[in-house]
Amino acid sequence: MHDKPLNFDKSLDVVLCWHMHQPEYRDPITGVCSQPWTYLRAIKDYTDMAAHLEQVPNSRAVVNFSPLLLLQLDHYCEQFNRYFTDNQRPLDPLLAALVEPTINGDQEYRYNLVKRCLNHHNYSSGQHFECYVALNNIGQHIINNASHIGYVCDDFFSDLLVWFHLTWLGETVRRDDPRAQKLIARERRYSMSERIQLMRIISQQVSQIIPRYRALAERQIIELSMTPYAHPIAPLLADLSSAKDATPHLVMPNTTEYPGGEQRLNWHIDAGKAVFIRHFGQVPIGCWPAEGALSDASLTVLDNSGFAWTASGAGVLANSLASSRVENSSLDNSSDNDNSETDLYQSYSFDGRAIRCFFRDDHLSDLIGFTYSSWHGDDAVANLVSRLEDIARRCAEQPNALVAIIMDGENAWEHYHQNGFFFLRELYRRLAEHPSLNLTTFSECLHGQCKQLEHLIAGSWVHGNLTTWIGSVDKNRAWDMLIDAKHSFDQVMQSQQLSDEQTQAAERQLAVCEGSDWFWWPGGDNPPETVAAFDERFRMHLEALYSLLAVPAPDYLQHPFAHALARDALSSDIAHGGVMRRAQ
C-alpha cells in the first residue's frame with residue numbers, strides 16, 4: 001500500500017451493483033417450477049439485500065433485475081394468493097408439501113421429497129441448528145437406504161419441510177420476525193397451523209420484494225436497472241461471429257450467424273422495459289447486459305434503445321484498450337501506459353455513441369465472491385476499504401474516478417457467516433461514513449469526463465471473452481438446436497398463420513430459449529446433475545416452442561446432448577455449485 005495520505009477534498013466514487021436473476025424454471029405447459037430457487041432466493045437473499053439498504057443510513061447501490069425474475073416472483077405471488085384466498089394447492093412441490101394436512105404416504109413420493117430437500121438445502125445456515133443437522137443426517141440415510149423409508153414417521157417429513165424453509169429464511173427475517181423466532185424455538189413436531197404460519201411468512205417476504213425495492217428507488221437509496229428480457233448474450237444474438245473478437249481461433253457452431261439476431265435483441269430490450277416499467281413505475285436509465293457481455297453491435301443497440309449507461313468486465317476493457325493501442329498509430333503509448341493502472345477507474349464512450357460504459361473491478365468483485373466469505377466480517381470490510389483507499393490515492397489526479405463492484409446479488413452470501421449479515425452491514429456503514437469514498441450510483445456518474453475509444457472487443461465479465469457460452473462441442477450443439485428452431489419460427493412468422501395471441505406466445509417462448517443459462521452449463525466445468533437438468537430443461541423449452549409454432553419437433557430433442565465431466569475432474573469453484581465464476 002502507498003504511504004501517501006488521502007486527500008479528503010477529493011472523492012473516489014464507489015458503485016456497488018447487485019444483479020438479481022433466475023433462469024426460467026416454470027414448465028411452459030403446466031406452470032410448475034422445476035426448481036425452487038426463485039422463491040428460496042427471494043426469502044433469503046433478495047429480502048436480506050433490501051433490509052441492509054433500508055436499515056443502514058446513507059447506504060447506496062444499483063440493483064439490477066432480470067425481467068424473467070420479476071415475472072417468476074409474480075408467479076409465486078399468484079400461488080400464495082390462490083392458496084390463502086381459495087385454498088388452492090401451490091404449484092411448487094415443496095410449498096405444496098409444506099401445507100399438506102398429511103404427508104402423502106406413497107414411499108416414492110416421500111423419497112423424492114427428502115431428495116428434493118437435500119438437493120436444495122442451505123447447510124451453511126442449517127448447520128447451526130442441531131435439529132436441522134439431525135434431520136439432514138436422517139434424510140441422507142434415507143437417500144442411501146431407500147428401503148428404510150417405511151420406518152420413518154410422519155413427523156420427520158413435516159419437520160424436515162419446516163426446517164428446510166427456516167434455514168432458507170433471510171438472516172434479517174430470523175432476527176426481526178417473532179413468528180420465525182417462535183418456530184425456531186419450537187424445534188420439532190410442528191402442527192398444521194404452524195406450517196401455515198411459516199407459509200404466511202414466506203408469502204409475505206416474496207410478495208414484498210418488488211414493493212420494497214421500488215420504495216428504495218423512490219427514496220433514491222438505490223438506482224434500479226435492468227437486463228434484457230430473458231437474459232440473452234447480446235453480442236452473440238447481434239453477431240454470432242463476435243465470439244472470435246477475443247478468441248480468434250474459437251470453433252464455431254455449424255451456422256455462423258443467428259438469423260435476425262439484432263431484431264431479437266431489440267425484442268428482448270423492449271419486452272424487458274415493459275416488464276420493468278410495469279413493476280417499478282419508471283423507465284430504466286441503465287442496463288447491465290446479461291453476464292456483462294458487450295460488443296460494438298450490441299452497444300449500438302443499447303444506445304439506440306435510449307439507455308444512458310451500461311457496464312462490462314475489466315477483461316473487455318483490457319482487450320479493447322490493447323486493440324486500440326495496436327490499431328491507432330497516433331496513440332501516445334508512453335503517455336497512455338503512465339495511466340494504464342487507472343484506466344479501469346473511469347467511464348468510456350465509444351465512437352460517438354451517447355451511452356456511457358463502466359467497467360467492473362474484477363479483482364475486488366472476486367474477493368467478495370470467493371475470498372472474504374472465510375474471513376471475519378470486520379476484517380474483510382477493512383481489507384476492502386483499504387484497497388479502495390489505495391485506488392483513491394492512485395487516482396488522486398484523475399477527475400471523476402470511479403470503482404465499480406458488480407456481482408450477483410444472491411449466490412455468494414450463503415458462503416458467508418449468517419448470510420453475509422455482518423459483512424454487508426459493516427460494508428455499507430464504512431463506505432457511507434468514509435470521508436473520501438463516495439458511495440453512489442451509475443446514473444449519478446454520467447456527467448463527468450469520460451475517455452473515448454473507437455472500438456469495443458466483444459466479451460463478458462468472465463475472462464473478457466464469450467467462451468463460457470460458445471465454442472465447445474456441447475455449447476455449439478445448443479446453438480445449432482436453437483438456430484434450427486429460429487428458422488422454423490421465421491418460416492411460421494412469414495406465413496402469418498398464427499393469431500396475434502399465438503404470435504406473442506411464440507415470441508416469448510423463443511426469448512426463453514435464447515437465454516444465456518442454457519449455454520452456461522453444458523460443455524464446461526459444472527456439476528453433472530446440474531448439466532443434465534439444464535440439458536433437459538433447454539430441450540423442453542425448445543419442444544414447447546415447436547408446439548406453439550404447430551411444427552413437429554426434431555427427434556434429437558428426445559435425447560440429451562450435454563456431456564458432463566466426472567465429478568473428480570471438476571475444479572474447486574464447483575464448491576459454489578457452478579453458479580459463480582472467477583473473472584480472472
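Here's a quick tour of this chain, from its overall build down to a handful of individual residues. Keep in mind that the model is predicted. The chain has 23 helices and 10 strands. Its radius of gyration is 24 Å, close to the 25 Å that the globule rule gives for 584 residues, so the chain is as compact as a globular protein of that length.

**The whole chain**

- If you lay the C-alpha trace along its principal axes, it spans about 80 × 65 × 50 Å.
- Out of the 584 residues, 60% count as buried.
- The accessible surface adds up to about 23300 Å², and carbon and sulfur atoms hold 47% of that.
- Take the contacts with a separation of 6 or more: residues 24 or more positions apart account for 79% of them.
- On the charge side, there are 47 positive and 73 negative charges, and the mean positions of the two groups sit 6 Å apart.

**The nonpolar core**

- In soluble globular proteins, nonpolar side chains tend to be buried together.
- Here, the largest nonpolar core has 187 residues.
- The members that touch the most other members are Trp18, Val206, Tyr213, Ile222, Phe423, Phe442 and Phe538.
- Tyr213 makes a good example: leaving out residues up to four places away in sequence, it touches Met20, Tyr46, Met49, Ala50, Val63, Phe65, Ile222, Leu224 and Phe280.
- One of those partners, Ile222, is also on the list of core members with the most contacts to other members.

**Buried residues in helices**

- Thr47 belongs to helix H1, which runs over residues 37-55.
- With a relative accessible area of 1%, which is under the 20% cut-off, Thr47 is buried.
- Setting aside residues up to four places away in sequence, Thr47 touches Ala42, Thr172, Val173, Gln205, Ile209 and Arg212.
- Leu265 is part of helix H13 (residues 261-280), and its relative accessible area of 0% makes it buried.
- Around Leu265 you'll find Ala234, Leu237, Ala238, Ser298 and Val301, which it touches when residues up to four places away in sequence are not counted.
- Trp288 is 23 residues from Leu265 along the chain, and the C-alpha atoms of the two are separated by 14 Å.
- Trp518 sits in helix H22 (residues 517-520) and counts as buried at 2% relative accessibility.
- Apart from neighbours within four places in sequence, Trp518 is in contact with Glu24, Val512, Cys513, Phe534, Arg537, Phe538 and His541.
- Trp518 and Phe538 are 20 residues apart in sequence, with their C-alpha atoms 6.0 Å apart in space.
- Phe538 has come up before, as one of the core residues that touch the most other members.

**The loop between S6 and S7**

- Asp351 lies in the loop that links strand S6 (348-350) to strand S7 (356-359).
- At 54% relative accessibility, Asp351 is over the 50% cut-off, so it counts as exposed.
- Ala354 is in the loop between S6 and S7 too, and at 65% relative accessibility Ala354 counts as exposed.
- Not counting neighbours within four places in sequence, Ala354 is in contact with Asp303 and Ala308.
- For a sense of distance across the model, pair Ala354 with Arg189: they are 165 residues apart in sequence and 62 Å apart in space, C-alpha to C-alpha.

**Positive phi angles**

- Most residues other than glycine have a negative phi.
- Asp351 has a positive phi, near 50°.
- Asn419 also has a positive value, with phi near 60°.
- Asn419 is in the loop between strand S8 (402-408) and helix H19 (421-433).
- At 9% relative accessibility, Asn419 counts as buried, whereas Asp351 counts as exposed.

**The loop between H3 and H4**

- Glu100 lies in the loop between helix H3 (93-98) and helix H4 (107-119).
- At 23% relative accessibility, Glu100 counts as partly exposed.
- Beyond its neighbours within four places in sequence, Glu100 is in contact with Arg89, Met192 and Arg195.
- Glu100 and Arg195 are 95 residues apart in sequence, and their C-alpha atoms are 9.0 Å apart in space.

Notes:
Residues are numbered from 1 along each chain as its sequence is written. This is a predicted model: local features need pLDDT of at least 70, side-chain atom pairs count only at pLDDT 80 or more; totals for chains, interfaces and linings use all residues. Side-chain values use heavy atoms; hydrogens and water are left out. A nonpolar core is a set of buried Ala, Val, Leu, Ile, Met, Phe, Trp, Tyr and Cys residues joined through side-chain atoms within 4.5 Å. Buried means under 20% relative accessible area, exposed over 50%, partly exposed in between (1.4 Å probe, protein chains only). Contact means heavy atoms within 4.5 Å. Helices (H or I, at least four residues) and strands (E, at least two) are DSSP runs, numbered from the N terminus. The radius of gyration is taken over C-alpha atoms; the globule rule is 2.2 Å times the number of residues to the power 0.38. Accessible areas come from the Shrake-Rupley method with a 1.4 Å probe; for residues, only the protein chains shown count as cover. Lys and Arg count as positive and Asp and Glu as negative; His and the chain ends are not counted. The place of a charge is taken as NZ of Lys, CZ of Arg, CG of Asp or CD of Glu.
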